[in-house]
Every structure is written in C-alpha cells, then in structure tokens.
Amino acid sequence: MSEPSIFTRILTGDIPGEILLETDRVFAIRDINPQAPLHALVIPKTEEYRDVTELAAGDPVLLADIVAAAKRLAEEHANGEYRLIFNNGASAGQSVFHVHAHVLGNIEESKLVGF
C-alpha cells in the first residue's frame, strides 16, 4: 500500500494546512505558494484519481463537485470570478499525483496576459 498523498495528510491533520472549505467529497486548502490573492486547491477526498483525465472518465460527478467548490470559494473570496487550472502530468507542472484544481481569484489584469 502506498503512502497517503500530502493532501490526504493535510485532511487528516498529519500536516498543517488551512482548510477553507469541506464537503462530504472534496476539500479546499490555501496554496503554499500563491500566485494570486485567492489561490486555493480543491481536492477530492479520494486518492483514486491521479489527474483530471482519470477523474473525468471515472467520476464526472466528482469533477462537477470540484467545479462547484471552486465557484463557492470564488463567491466567498474573489467577487465570484475565478480561474480554474488543472495541471495534467509532470511536464505540465503537476507535482502531486492526487488530482486537484487550482482556483485563482482577484488576479490583477496585468497578470492575465499570456493566458
């Protein structure tokens, strides 16, 4: 059996982390290296899916739960507007292979160039 991911360890309290939102299937934490005033990670409580492609094929309802949580975070912390990013694979910047979405909000207009 493999070790729990860092996200699971945060959820269980083994590693400190600021949980911003929690439902029965997902939770959200602040990113430790924020790229915007709101930069949260929305994470399924299950480690079953390594990336968003596996999640979409295996449990599209859970993917919808992630999007709903992102919307709720943006409504609470960023005037309802947000960017939702999934890194899919190491060469795309994914460093933890427990699917998660980055929610960014309150982004300065000048930082939107190039996206």
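This is a short tour of a predicted model of a protein, from its overall build down to a few single residues.

## The big picture

Let's start with the parts list. The protein has three helices and five strands. Reading from the N terminus, the elements go α-β-β-β-α-α-β-β.

How does the overall size work out? A compact globule of 115 residues would have a radius of gyration near 13 Å, and the 14 Å of this protein agrees with that. If you lay a box along the principal axes, the C-alpha atoms fill roughly 45 × 30 × 25 Å. As for what is tucked away, 37% of the 115 residues count as buried. The chain also makes contacts across long stretches of sequence: take the contacts with a separation of 6 or more, and 49% of them come from residues 24 or more positions apart.

## Helix H3 and its buried side

Helix H3 covers residues 60-77. It has 18 residues and spans 26 Å from its first C-alpha to its last, close to the 26 Å expected at 1.5 Å a residue.

Which residues of H3 are buried? They are Leu-62, Leu-63, Ile-66, Ala-69, Ala-70, Leu-73 and Ala-74. These residues sit on the same side of H3, because they cover an arc of only 135° around the axis. Look at the other side of H3 and you'll find Pro-60 and Val-61 exposed.

And what does the buried set pack against? Quite a list: strand S1 (19-22), strand S2 (26-30), S3, H2, S4 and S5.

## Two nonpolar cores

The largest nonpolar core has 20 residues, and the members that touch the most others are Val-26, Val-42, Leu-55, Ile-66, Leu-73 and Val-103. Several elements chip in, with S1, S2, S3, H2, H3 and S5 each supplying at least two residues of this core. H3 gives the largest share, six residues.

Ile-66 is a handy place to zoom in. Setting aside neighbours within four places in sequence, Ile-66 is in contact with Val-26, Val-42, Pro-44, Leu-55, Phe-86 and Ala-101. Apart from this core lies another one, made of seven residues, including Ile-10, Phe-27, Ile-29 and Leu-41.

## Strand S5, covered on both faces

Now for strand S5, which runs over residues 101-105 and has five of its five residues buried. Some background helps here: in a regular strand, side chains alternate between the two faces of the sheet. In S5, Ala-101, Val-103 and Gly-105 are on one side, while His-102 and Leu-104 are on the other, and all of them are buried, so both faces are covered.

Which strands pair with S5? One is strand S3 (residues 38-44), which pairs with S5 in the antiparallel sense over five bridges. In that pairing, His-39 has Leu-104 of S5 as its bridge partner. Another is strand S4 (residues 83-85), which runs antiparallel to S5 and is joined to it by three bridges. Here Ile-85 stands opposite His-102.

## Two asparagines with positive phi

Two asparagines are worth a look for their backbone angles. Asn-79 has a positive phi of about 45°, even though it is not a glycine. You'll find Asn-79 in the loop between helix H3 and S4. Is Asn-79 buried or exposed? At 60% relative accessibility, Asn-79 counts as exposed, because the cut-off for that is over 50%.

Asn-106 is the other one, with a positive phi near 60° in a residue other than glycine. Asn-106 lies in the segment after S5. With 36% relative accessibility, Asn-106 counts as partly exposed.

## A stop at Thr-53

Last up is Thr-53, which sits in helix H2 (residues 52-58). Its relative accessibility is 49%, so Thr-53 counts as partly exposed; exposed would need over 50%. How far is Thr-53 from Thr-23? The two are 30 residues apart along the chain, and their C-alpha atoms are separated by 22 Å.

Definitions and conventions. Residues are numbered from 1 along each chain as its sequence is written. This is a predicted model: local features need pLDDT of at least 70, side-chain atom pairs count only at pLDDT 80 or more; totals for chains, interfaces and linings use all residues. Side-chain values use heavy atoms; hydrogens and water are left out. Helices (H or I, at least four residues) and strands (E, at least two) are DSSP runs, numbered from the N terminus. Buried means under 20% relative accessible area, exposed over 50%, partly exposed in between (1.4 Å probe, protein chains only). Two strands pair if DSSP finds at least two bridges between them. The expected span of a helix is 1.5 Å times one less than its number of residues. The arc is that of the directions from the helix axis to the C-beta atoms. Contact means heavy atoms within 4.5 Å. A nonpolar core is a set of buried Ala, Val, Leu, Ile, Met, Phe, Trp, Tyr and Cys residues joined through side-chain atoms within 4.5 Å. The radius of gyration is taken over C-alpha atoms; the globule rule is 2.2 Å times the number of residues to the power 0.38.
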